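Got the model open on your screen? Let's walk through it one question at a time.

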Amino acid sequence: MSVISIFAESETFMASTLHIQDEILPEQILQATLQLYLKHGLKKVTMDDVSKVIGKSRSVLYYYYKNKDEIFDAVMEMLIRNVVAEIKQAVDKARSIQGKIRAFGLVKIKVSEDKQAVFAAMESGMNADEISRHTKTINDIHIQLMNAESDLLKAVFAEGMQKGEIRPLTAMEQDTLIFILLSGIRGIRREMRNKEDFSHLKPTVDVLTAMTMKWLNG
């Protein structure tokens, strides 16, 4: 092998390594930041804290994220990706359309409850001004989540129509049903959380699912 070939392979290897680092390091930063949020609350976490946890200099941290607010935005987006991925995984495992709708409701409530503790810890120690400063990000993330969940349900309906498990639906019918489902699921979660009692979660979601299937096959 010539010296030129060896040099070329070395450059390719280095470029590949840097590319992998560029993919992994941002995720490590976000995971480390999230753990710091859970331990200390959003207000107390600094860029220095994050850089110490990941074992990198602040200059490396600033290469990916300009400030605390940008890291916060990225952490929120990561949480939403995780929520959607967990719901999708449960939906994909179900074989029937009825099973997929049921899985969607159950896992969405479960994951939302799990993340509620995360958000509460993140807000720990924040005053009204600080919460207000992040309100837009939180609202934007909520819209992203609803859009992702809507797309997931549309995929479920499309599969159901293709397999003949449900009747054909117009776009307006799908949008209306998705609105009702998401609103109903949020309402179930809210009422059960207020009562601190999720013991009837499965039968409640079963009824909602059965009502939905009856309409879909009507």
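A quick definition before the questions: a cavity is a set of grid points where a 1.4 Å probe fits but cannot get out, and its volume is the space filled by probe spheres set on those points. Keep in mind that this is a predicted model.

Q: How much space is there in the second largest cavity?
A: Cavities of 30 Å³ or more are counted here, and there are two of them. The second largest has a volume of about 40 Å³.

Q: Which helices each supply at least two residues of the lining of the second largest cavity?
A: The lining is made up of Thr-33, Tyr-37, Val-45, Thr-46, Met-47, Val-50, Lys-68 and Ile-71. Match those numbers to the helix ranges, and the ones that each give at least two residues are helix 1 (3–40), helix 2 (47–54) and helix 4 (68–93).

Q: How many residues of the lining of the second largest cavity are charged?
A: Lys-68 is one of the lining residues, and Lys belongs to the charged class. The lining splits into five nonpolar residues, two polar and, on the charged side, one.

Q: How many residues of the lining of the largest cavity are charged?
A: About 50 Å³ of space lies in this cavity. Around it sit Ile-101, Phe-104, Gly-105, Leu-153, Leu-181, Ile-185, Val-205, Leu-208 and Thr-209. Gly counts as polar in this scheme. The tally is seven nonpolar, two polar and, for charged, none.

Q: Which helices each supply at least two residues of the lining of the largest cavity?
A: Leu-181 and Ile-185 line this cavity, and both are also among the buried residues of helix 8. Leu-153 is in the lining too, and it is a buried residue of helix 7. The helices that each bring at least two residues are helix 5 (97–123), helix 8 (171–195) and helix 9 (201–216).

Q: What pattern does the protein follow, read along the sequence?
A: The protein has nine helices and zero strands. Of its 218 residues, 37% count as buried. Read along the sequence, the pattern is α-α-α-α-α-α-α-α-α.

Q: How far apart are the end C-alpha atoms of helix 7?
A: Helix 7 covers residues 135–163, which makes 29 residues. At 1.5 Å a residue the helix should span 42 Å, and the model agrees, because its end C-alpha atoms are apart by 42 Å.

Q: Is Gly-160 buried or exposed?
A: Gly-160 is found in helix 7. Its C-alpha is 8.1 Å from that of Ser-96, with the two positions 64 residues apart in sequence. Buried means under 20% relative accessible area, so at 0% Gly-160 counts as buried.

Q: What distance does helix 8 reach from its first C-alpha to its last?
A: Helix 8 has 25 residues. At 1.5 Å a residue, 36 Å is expected, and the model comes close to that with a reach of 36 Å.

Q: How does Arg-193 count at 30% relative accessibility?
A: Arg-193 lies in helix 8. Its C-alpha is 8.3 Å from that of Glu-113, although the two are 80 residues apart in sequence. Exposed needs over 50% and buried under 20%, so at 30% Arg-193 counts as partly exposed.

Q: Which residue follows helix 8 with a positive phi?
A: Most residues other than glycine have a negative phi. Here the phi is positive, about 55°, although the residue is not a glycine. It sits in the loop between helix 8 and helix 9, and it is exposed, with a relative accessible area of 73%. The residue is Glu-196.

Q: What kind of pair do the rings of Tyr-63 and Tyr-64 form?
A: A search of the whole structure finds one aromatic pair. The ring centres of Tyr-63 and Tyr-64 are 4.9 Å apart and their planes are at 90°. An angle over 60 degrees is the cut-off that matters, so the pair is edge-to-face.

Q: Which residue lies over the face of Trp-215?
A: Look for a charge at 4.4 Å from the ring centre of Trp-215. The residue is Arg-167.

Key. Residues numbered from 1 in each chain as written. Predicted model: local features only at pLDDT ≥ 70, side-chain atom pairs only at ≥ 80, totals over all residues. Heavy atoms only, no water. 1 Å grid on protein atoms, 1.4 Å probe; cavity = no way out; pocket = protein on both sides within 12 Å on 5 of 7 lines; lining within 4 Å. Helix = DSSP H or I, 4+ residues; strand = E, 2+ residues; numbered from the N terminus. Expected span 1.5 Å × (residues − 1). Buried < 20%, exposed > 50% of the residue type's maximum accessible area, 1.4 Å probe, protein only. Phe/Tyr/Trp six-rings, centres within 6.5 Å; stacked < 30°, edge-to-face > 60°. Lys NZ or Arg CZ within 6 Å of the ring centre and 35° of its normal.
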